[in-house]
Amino acid sequence: MADDGGRGGGAARVRVGDGAFDLGAETADFAAAQPGAGAVVAFAGLVRDEEGDLHALEIEHFPEMTGKAIAAIAGEAGARWGLTGCLVIHRVGRLAPGEAIMMVATAARHRAAAFAAAEFLMDYLKSRAPFWKKELRRSGPVWVAARAEDEAALARW
Amino acid sequence: MRIDVRYFAWVRERVGASRETVETGAATVAALVAELRGQSEGHAAAFADVAALRVAVDQALAGFDAPLAGAREVAFFPPMTGG
């Protein structure tokens with residue numbers, strides 16, 4: 001996977017690529033690199049099987065924009081919640097039901113900031129990072145439509 | 001001026017291409033859309049409802065009223081579905 005690299009203390013690490021990742025190992029490595037943190041929150045999004053109707057999920061992105069967009073979102077989360085660091089991994093390409101699509105991890109002195117920053121990251125990654133999901137269903141391919149509630153979720157921040 | 005136009009997701013599928021270069025005098029994104037619409041049936045289908053589209057100028061999200069002066073690339077795509 002391409003690695004956009006960290007930015008020193010309170011670094012945001014962003015990785016976008018087609019390879020699988022190890023949620024446990026990524027979370028452990030991230031947690032081990034957070035001096036001063038008292039809380040780490042990790043979230044992973046998985047491909048739902050939609051009651052067996054889905055045989056794969058294809059994720060397209062805008063490669064030249066994706067890293068910049070995520071770095072900006074992560075940078076804002078870091079500044080707002082005083083994170084010691086955050087990690088965003090997002091896969092592209094074809095994924096099978098049950099596979100992890102993406103993860104975020106956040107670290108802060110206290111848990112409230114780590115939880116809030118993780119939710120903020122998820123809300124913004126859903127609607128402001130240039131990814132598009134296509135469901136390959138038994139009945140045919142369907143582009144996933146953005147939901148009004150996803151857009152509305154941004155308003156709370 | 002020459003502008004690289006990029007298409008993603010179902011916009012790409014309707015247009016039938018992921019990118020093209022156009023020679024245009026359009027002052028805004030909306031004016032460019034009006035020109036692109038006439039290029040083919042696929043373009044017309046892709047741009048039938050601009051309320052369903054989002055746009056990025058030089059890889060930053062922008063509105064349809066955004067000026068194109070100095071722009072090199074305009075991308076059209078549906079609302080994003082990451083996460």
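A residue counts as buried when its relative accessible area is under 20%. B:F77 therefore belongs in that class, with a relative accessibility of 0%. The structure is a predicted model, and this report covers the rings around B:F77, one helix of chain B and the largest pocket.

**Aromatic pairs**

Over all chains, the structure contains 12 aromatic pairs. Two of them involve B:F77 and are set out below.

| Ring pair | Distance of centres | Angle of planes | Class |
|---|---|---|---|
| A:W132 and B:F77 | 5.0 Å | 50 degrees | tilted |
| B:F8 and B:F77 | 6.3 Å | 65 degrees | edge-to-face |

The pair of A:W132 and B:F77 crosses between chains: A:W132 lies in strand β8 of chain A, and B:F77 in strand β5 (residues 73–77) of chain B. Both A:W132 and B:F77 are buried.

The pair of B:F8 and B:F77 stays within chain B, where B:F8 sits in the loop between β1 (2–7) and α1 (9–15) and B:F77 in strand β5. Because of these positions, the pair ties together parts that are 69 residues apart in sequence. B:F8 has a relative accessible area of 6%, so B:F8 is buried. Ring pairs join B:F8, B:F77, A:W132 and A:F62 into a cluster.

**Helix α2 of chain B**

Which residues of helix α2 (residues 29–37) of chain B are buried? They include B:V29, B:L32, B:V33 and B:L36. These residues cover an arc of only 105 degrees around the axis, so they lie on the same side of α2(B). An α-helix has 3.6 residues a turn, and therefore residues three or four places apart point the same way. The buried residues of α2(B) pack against β1, β2 (19–23), α3 (41–46), β3 and β5 of chain B. Strand β5 of chain B also holds B:F77.

**The largest pocket**

The volume of the largest pocket is about 650 Å³. Its lining consists of 35 residues, and those nearest the centre are A:K126, A:K133, A:V144, B:T81 and B:G82. Elements of both chains give two or more residues to this lining: β3 (39–46), β4 (54–61), β7 (100–108), α3 (111–128), β8 (131–137) and α4 (148–153) of chain A, and β3 (54–57) and β4 (60–62) of chain B. The element that gives the most is α3(A), with 4 residues. By residue class, the lining holds 19 nonpolar, 6 polar and 10 charged residues.

Strand β8 of chain A appears in two of these descriptions, as an element of the pocket lining and as the strand that holds A:W132.

Terms used:
Residues numbered from 1 in each chain as written. Chains lettered and ligands numbered in written order. Predicted model: local features only at pLDDT ≥ 70, side-chain atom pairs only at ≥ 80, totals over all residues. Heavy atoms only, no water. 1 Å grid on protein atoms, 1.4 Å probe; cavity = no way out; pocket = protein on both sides within 12 Å on 5 of 7 lines; lining within 4 Å. Points joined across faces, edges and corners; volume = space filled by probe spheres on them. Nonpolar A, V, L, I, M, F, W, Y, C, P; charged D, E, K, R; others polar. Phe/Tyr/Trp six-rings, centres within 6.5 Å; stacked < 30°, edge-to-face > 60°. Buried < 20%, exposed > 50% of the residue type's maximum accessible area, 1.4 Å probe, protein only. Arc of directions from axis to C-beta. Contact = heavy atoms within 4.5 Å.
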